[in-house]
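Biologist: Could you take me through one strand in the predicted model, slowly and with its surroundings? I would like to see how that single part sits among its neighbours.

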Amino acid sequence: MPDKKALRIALVGRPNTGKSSLFNRLTGLNQKVGNYPGITMERTTGLAKWAPGVLAEVIDLPGVYSLHASSTDEEVVMEALLQEAPEERIDRVIGLADGTNLKTCLFVFSQVLDLGLPAVLAVTMRDEMERRGMELKTEELAATLGCAVILVNTRTGEGLDALREAVLRAEPSGKLPFFQPGGLHLRWLAQVQEDQSMALPYRAWLWGLKEAQVGKSDRLQQPPPRARTDEAIQRYRQVNQWLRAFFVADPVKDRRWTARLDRVVVHPIWGSVILFGLLFLLFQGLFYGSEAPMNFIDDQLAALSTWLTDHLPSGFLAHLLSHGLVPGIAGVLMFIPQIALLFAFISLLEESGYMARVVFIMDRFMRPFGLSGKSVVPMVSGTACAIPAIMSTRNMENSRERFLAIAVTPLITCSARLPVYALLIGLVIPNSAWMGMNLRGVVLLGLYALGFVAALAGSALLHRWMPAKKTPAFLLEMPPYRWPQGRNVLTAVWNRTKSFVTEAGKIILAISIILWFLASFGPNRTPDFTQERAPLPIEESYIGYAGKAIEPVMAPLGFDWKVSVAVVSSFVAREVFVGTMATLYSVDDEDNTTIRAQMAREVNPRTGQPYFTLAVGVSLLLFYAFAMQCASTFAVVARETKSYRFAVIQFIVLGALAYGVAWIAYAMLV
Amino acid sequence: MFLSDLPLGQRAIVLQTPDSLPVKLFEMGCMPGEEIELVFAAPFQDPMCFRVQGTLISMRRDLAKLIPITSPDAR
């Protein structure tokens with residue numbers, strides 16, 4: 001039914017043209033975040049009713065400078081626009097142009113028009129144009145392009161109705177072509193058109209050049225050199241003519257704010273000071289700002305758990321709900337404050353135009369590690385929690401860098417390691433002074449440094465080993481500074497949080513229930529759910545047996561069966577180590593000092609000395625520094641990379657690394 | 001002279017560029033005959049940020065080393 005099918009409308013334009021603002025305006029919160037087939041790039045679509053009986057499916061394509069493929073972004077856009085299958089075909093295109101920087105925007109738009117798709121040009125930043133005394137003769141430009149040209153203001157919504165109307169009425173431009181290849185190029189193009197029976201020259205041109213670039217078409221004749229270059233020169237010549245005829249601007253007023261701000265923001269010294277100040281704020285915000293809401297969520301769910309225990313007849317079901325399901329839900333909800341905070345922060349950076357400057361400032365420093373400045377944000381966020389940090393890599397365009405960042409982020413010292421570190425440092429490191437500083441503090445600081453060093457070194461190694469595909473040249477536009485739009489920040493936070501809860505959340509919940517089962521049941525004893533304490537002693541649960549079973553494996557690290565059980569059970573989350581130790585040593589309250597005192601009394605049956613020696617403590621500390629002991633991280637990695645294989649390999653590699661380092665440390669210290 | 005030699009705040013004209021350069025450079029607006037200005041640079045002049053055709057484009061030094069320029073008076 002053609003009238004039932006949604007009208008597929010693609011947004012095409014350069015980055016920083018207000019594309020996502022327009023997208024949010026056109027679709028509201030009714031957005032779906034998915035993936036493009038085969039690659040890990042995000043694809044956002046939104047459904048909206050535009051007129052009686054007209055459903056519009058708006059597709060937010062990545063921002064590009066040209067339809068020719070220089071990177072995955074352009075490939076995605078070109079593939080979408082060349083699509084011919086009826087259910088995948090693009091029906092209408094909204095081309096975007098930043099009204100204050102029309103030249104390069106019109107370049108891409110003239111390519112879109114040449115594809116013969118019904119298109120409308122939306123000129124954004126209308127308010128800024130007015131403020132700067134810029135004037136665009138839209139009617140004349142529309143007549144020349146053969147398509148509607150609409151001025152829009154995404155802040156106020158001005159011009160959106162006219163845009164929607166124009167899109168519904170749009171037809172292919174009758175003014176084609178805007179680019180005419182000459183000489184050898186023309187002869188080659190005619191050949192491609194004939195071979196592929198493509199009627200439209202520009203379609204054949206794009207397709208033929210792409211095939212030649214990938215080098216997979218032996219039948220295809222190689223195109224003569226400088227094809228894309230000649231196209232660029234011809235198109236720019238044309239665009240310059242249009243602008244001379246239809247655009248009035250005052251070049252002196254142009255971008256004065258951006259230039260003034262950039263004098264400080266990318267200054268060799270002040271730039272770094274500002275960047276580190278902002279990163280420090282981010283760290284503080286994630287660490288302390290999320291504390292209150294996290295405690296609130298924790299308290300509410302703990303109360304719910306108690307309520308369930310009190311009001312349900314004690315038994316299997318009550319225990320499953322109060323000790324399996326509710327903590328599982330808590331494990332999902334607990335991350336929301338940090339995720340929301342981090343994405344609000346990132347969205348502000350991107351919206352304001354500052355993120356491009358971060359990449360610029362940090363590029364030289366991050367380059368040896370195969371990373372760009374964009375990785376600074378996940379690295380810093382990782383000190384709070386790896387979950388939001390790994391999710392934040394979504395904003396990276398370079399999939400190779402994203403892979404590296406996801407692979408090494410779990411090595412950064414996150415806040416869940418702190419309780420474990422605090423317990424162990426208090427146990428084995430003397431409370432003495434070292435070079436005027438508290439030794440315990442120095443060790444903790446050292447563990448933080450170790451996390452960063454391990455992450456960067458790991459990334460550098462992977463960068464060396466991984467076969468480098470063609471890396472796109474580092475060419476980055478510095479967008480002008482703009483005041484962020486609250487609507488866009490809120491949409492970004494909402495989409496990220498929603499996708500975390502509905503996608504990674506499911507996996508986290510499933511893993512916590514499985515682990516509850518393994519901790520509550522055992523092979524040789526029926527669990528007793530009627531009493532107040534654990535249904536069976538932990539050493540008789542499956543986890544307990546697993547811990548004892550791997551004791552011989554863990555022995556070279558100095559771990560006895562109790563420590564092994566705690567290590568296995570803290571796969572749920574690292575901080576569970578403390579609770580498990582408390583259970584194993586039958587300490588009732590989970591206060592750190594009490595557990596520490598009890599652990600300090602533990603005697604090694606072989607030596608008759610205290611069991612927790614420096615060697616055991618350091619070995620455990622290092623094990624926790626490297627191992628990916630976190631089910632939620634595992635779930636998020638699997639979801640973000642769309643690959644359980646990746647998550648499993650990462651888990652194994654980091655586990656092996658942890659084992660090796662702890663082993664060496666123990667062997668050297670014992 | 002090459003783009004990497006341009007002093008801060010100075011303008012030049014882009015000369016014919018070698019075919020080996022990424023075409024994206026052209027498509028972003030940096031093409032022969034255009035005026036180009038070094039707007040700011042990171043420490044050790046790497047990366048560098050240029051204004052060309054009204055857009056700020058930053059690139060690494062090794063790429064800027066490959067782009068020949070001439071002084072604006074030569075035109």
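Modeller: Happy to! Let's look at β4(B): five of its five residues are buried, so this strand is largely enclosed by the rest of the structure. Keep in mind that the model is a predicted one. Being buried here takes 20 or more other C-beta atoms within 10 Å of a residue's own. The side chains of β4(B) go two ways: Thr55(B), Ile57(B) and Met59(B) point to one side, while Leu56(B) and Ser58(B) point to the other, and all are buried.

Now for the neighbours, beginning within chain B. Strand β3 of chain B, residues 48-52, pairs with β4(B) in the antiparallel sense over five bridges. In that pairing, Met48(B) is found opposite Met59(B). The hairpin formed by β3(B) and β4(B) has two residues between the strands, and Gln53(B) adopts a positive phi near 50 degrees there.

Chain A supplies another partner. Its strand β12, residues 475-477, also runs antiparallel to β4(B), with three bridges between them. Here Ile57(B) is the bridge partner of Glu477(A), and Ser58(B) has Leu476(A) standing opposite.

That brings us to the contact between the chains, which draws 28 residues from chain A and 26 from chain B. On the chain B side, the elements giving two or more residues are α1 (23-27) and β4 (55-59). By type, the residues on this side of chain B comprise 16 nonpolar, five polar and five charged.

Notes:
Residues are numbered from 1 along each chain as its sequence is written. Chains are lettered from A and ligands numbered from 1 in the order in which they are written. This is a predicted model: local features need pLDDT of at least 70, side-chain atom pairs count only at pLDDT 80 or more; totals for chains, interfaces and linings use all residues. Two residues are in contact if their C-beta atoms, placed from the backbone, lie within 7 Å. Helices (H or I, at least four residues) and strands (E, at least two) are DSSP runs, numbered from the N terminus. Ala, Val, Leu, Ile, Met, Phe, Trp, Tyr, Cys and Pro count as nonpolar, Asp, Glu, Lys and Arg as charged, and the others, Gly among them, as polar. Two strands pair if DSSP finds at least two bridges between them. A residue is buried if 20 or more other C-beta atoms lie within 10 Å of its own, exposed if 12 or fewer, and partly exposed in between; C-beta atoms are placed from the backbone.
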